[in-house]
Every structure is written in structure tokens, then in C-alpha cells.
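User: Please take a close look at a single helix in this model and describe, in one connected account, what packs around that helix and how the neighbouring elements are arranged.

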Amino acid sequence: MSDTTLKRTCVINPATDRAVKADGKIGQRVIERRRAQKEAKAKGKPAPKPKVKTETPPPPKPADDFKTAHEIPPAPVPVILDKEDTPFTTEPTSATNKYTLKNRIKFIKKVKELIKDINENDCVEPKTFGKEKGYTIRDIINLEKKIGTESAYGVIYKTTIKGAPKSYAIASKLMANSAGNMKEVSLMNDITDNILLTEMSKHFLASYDNAVCLDDKMDGKKRPNKLKLLAINELAHGDLKGLVAQKTILKNDDLVFNLMIQVVFSVATFHNLMRHTHNDCHYGNFLYQKNNESGWYHYQFKDKNIYLKACDYNIAIYDYGLAKSIMESKDIMSDYYRPIHAFLAKGDGWGDYYDAPKKATNASIKEIKSQIAKEYLNKPDITAMEMFPKILDMLTSKTKNTILTLQKPANVINDTPFILG
């Protein structure tokens, strides 16, 4: 088609600067509007303004902080495949005093004593509880009700202990006897014995026991591999994804910073005490237990004392199936960088809202994220013990000292400081 033909059959729509057919509906409106403008101009009247269709503004573009020295893209919103195999409880808030670290330790010891007769090679056997199909290990523990639905990674059952009150509800995870699952169980046992029970950290869930079934038969048939490994674990109230989906939480600046700092402290503890990288730090792998303590938690990193104000939620890092020895994995940064996106507004991170967190808070968190990337790019082989103090400096510079401080406040909760490295 020649330019002359185009001019005869098309007109330019001023609202879009695109050519449209002159005999179409839009083209006819454009021609009519032009005719009205000419007539108005001839009569000395102001020309009518064209109506421009308004649209919802597009989401804000990610910050330009990676266009120069920081060429690390924002982390995409995670697709959580194992969201239904998390050990959640529906206990009311009134039960939260159960989840102080000292009370958790008492509970861990009691449960371990109650299930001490479970052997390391015990197998679950089918058992029906009313209308619910579950499993048992010699009636010592009863896996009575499935929590959520079965996933590729396992299935969680709410579990009771024979002779124990209902308040002793725990979680049992049935899964395949794979190398990754065995490593996760091993790490949870190590964390329970050497970190939780010694009061070195509160940012993990406990493992009460585990069993690896060696019997290939069940009810005269082949036993599915997904029923060969049992981990008996502590319950949580929910995950970080559920928390940041609540706009009221994201609008609370102090709580947003507190939760983010707890996430960072969880990662630091896993790196520096367990000597592992997590490698799957999305917001579904940070769980919380409700908390009713008031005051300040005391942490220590080397010879530095750090104090974090207590809030309504205690954060715990969870799911170590992809964890690697810190000597094997050099990617220290991503365990910190990725979960920061959970606290950013839509378009900047994983948030559901454009207006939450508040603008200033969102800007501060974006700057922390950018600084983490910058530190890594300046020194890709940075060690975990080198990385954490740099992130701590970022946090203390952006957080009010009514939440995070290096000066000892009144009402410190824990006599023994939690160790960050």
C-alpha cells in the first residue's frame, strides 16, 4: 500500500499516536472530533478536548539500583511447591506462653521422654481414627489427621502421644527416604540438640525424633517409599508469606523491620553456627510462632552485643532439603538477598500491594537490598562471617533504635545471649 493510499484510508488517533482505519468506529470519532475543532476555531470558541481513556497506572518499575554496578536482578516471586506440608497449629493466641524458648525447651524434653521407645528403624502402620485414615508406630504415637494435602515433598500429620494430654499435639512428616530428606532430618536433629536446647537461638523449629523404616512390606503389599522416613517435629502457627499478605502488618513500620531483622538473624545463625547455606530462602520457608513476651532479646556476634525488641511473632527458618555445606556453596548473598523481597511493595518485590509497606519504609528496604547486592559484587567470595556485620550495619542505619540497638536497654528477656556467630 502506497503512502498516498494510507493517508486516504487511515487517520492518526491522537490518544495513541497510532494509525487507525478512517471508516472504523475510532477513525470516524477522530474525523468528527477534527471537524468539531475546525468549526469551533472558526467561531472563536475553544476546541473540545479529546477524551482519553484512563487506565490503572502500571506497577512501578524496579529500582535502577542494578543498572550500574549492581547487575543482580530482583528475585522473582517464588512458586512454592511444598506449601501444604508445613507443620501449622491452630492453637489460640492464649496459648502463646507455651512458645517462649524456655517453655519450648521444657516441652521438647517432655516429648522426647514420652516417645523414647520409638526405635530408629520403626515403621508406620495404617490405622483408622474415626473417619480419618492415618498411621501409628506401635500406638506410641498416632498420626491422626492430615494437615493440608500431600505434596511432592511429603505430608504432615497432626500427631498425638499415647497417654499425653491433647496439649501435647505435635507434627509428624512422612516422606521418602532420600538423601535430601535425610540431610534435612540430620540438620534438624543437630539444631535441636546443639542450638535450641542450649539456648543459642530461638529461630528454629525442634525435631523430637525420627525413624527410617527398613521394611519393604506393609499390609502384605510393597511399602511406598514416601512412607519410609518419619520426622516428628514441633508445630508453628504459620509462615511469613501469610503474614506479609496482611496489609495491616505491612502498614506497621516497626513490625515490618522487626520481622525482616529476625529473618536476617535466622539466616546468619544457620550460616555461622550450622555452617550451611539454605539455598531456598523464600517466604514460605520462614515460619512463625506467636509470642507474648515483652522486652528485648539479647544477641551476640563475636564481641558485639545487639538487642532486638520483642514483637508478636518469633520467626524460624525451616526446610533444609536444599542446604549445602558452607564450604561447598559459595553463594552466601542469596540467602539474605532473596527473602528481603518479601517486605517490598508490589512491583519492587513479592508484595500484594502497591501502597504497603509505606513509601519511606519501602525505600529503606530497597536500599538495604541494593547494598547487599553491592557487597556481594564487590567481593563475590565474601565469607558468612564477613557478610553478616556488613548487613548488621545496614540494618542499624535504617532501623529506629526503639526496635534495634547496640546499647543495652532495660528489660532484657534472655539471660544467655543468642549467638549469631
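Analyst: In this predicted model, helix H7 and helix H10 (residues 384-398) pack at an angle of about 170 degrees, with their axes 10 Å apart. An angle over 145 degrees counts as roughly antiparallel, and that makes H7 roughly antiparallel to H10. On the H7 side, the contact is made by Phe257, Met260, Ile261, Val264, Phe265, Ala268, His271 and Asn272, while H10 contributes Ala384, Met385, Phe388, Ile391, Leu392, Leu395 and Lys398. Sorted by class, the residues of this contact between H7 and H10 comprise 12 nonpolar, 2 polar and 1 charged.

A second helix also meets H7. The axes of H7 (residues 253-272) and helix H8 (residues 333-340) come within 10 Å and cross at roughly 160 degrees, and H7 and H8 are therefore roughly antiparallel to each other. The crossing in which H7 passes H8 is right-handed. Here the residues of H7 are Met260, Val263, Val264, Val267, Ala268 and His271, and they meet Asp335, Tyr336, Pro339 and Ile340 of H8. The contact of H7 with H8 divides into 8 nonpolar residues, 1 polar and 1 charged. Met260, Val264, Ala268 and His271 of H7 are listed in the contact with H8 and are listed again in the contact with H10.

The surroundings of H7 also include a sheet. This is an open sheet of 4 strands with mixed pairing, in the order E19-E16-E15-E20. Strand E19 (404-405) and strand E20 (418-419) stand at the edges, each with a single partner strand, so one side of each has no neighbour in the sheet. Strand E16 (residues 304-309) pairs with E19 in the antiparallel sense over 2 bridges, and Leu308 stands opposite Leu404 in E19. H7 packs on this sheet, touching strand E15 (296-301) as well as E16, E19 and E20, and the direction of H7 makes about 140 degrees with that of E16.

Taken as a whole, then, H7 has helix H10 packed at about 170 degrees, helix H8 crossing at roughly 160 degrees, and the sheet on which H7 packs.

A covalent link elsewhere in the chain may be added for context. A search of the whole structure finds 1 disulfide, which joins Cys123 to Cys213 with an S to S distance of 2.0 Å. The torsion about the S-S bond of Cys123 and Cys213 is about 85 degrees, so the disulfide is right-handed. Cys123 lies in the loop between helix H3 (101-114) and strand E3 (125-129), and Cys213 in the loop between strand E8 (207-212) and strand E9 (217-218), so the pair ties together parts that are 90 residues apart in sequence.

Technical notes: Residues are numbered from 1 along each chain as its sequence is written. This is a predicted model: local features need pLDDT of at least 70, side-chain atom pairs count only at pLDDT 80 or more; totals for chains, interfaces and linings use all residues. Side-chain values use heavy atoms; hydrogens and water are left out. Axes are lines fitted to C-alpha atoms, for helices over the stretch in contact, and angles run from 0 to 180 degrees between N-to-C directions. Angles under 35 degrees count as roughly parallel, over 145 as roughly antiparallel, 65 to 115 as roughly perpendicular and the rest as oblique. A crossing is left-handed if the near helix is turned anticlockwise from the far one by less than a right angle, and right-handed if clockwise. Contact means heavy atoms within 4.5 Å. Ala, Val, Leu, Ile, Met, Phe, Trp, Tyr, Cys and Pro count as nonpolar, Asp, Glu, Lys and Arg as charged, and the others, Gly among them, as polar. Two strands pair if DSSP finds at least two bridges between them. A disulfide is a pair of cysteine sulfur atoms within 2.5 Å.
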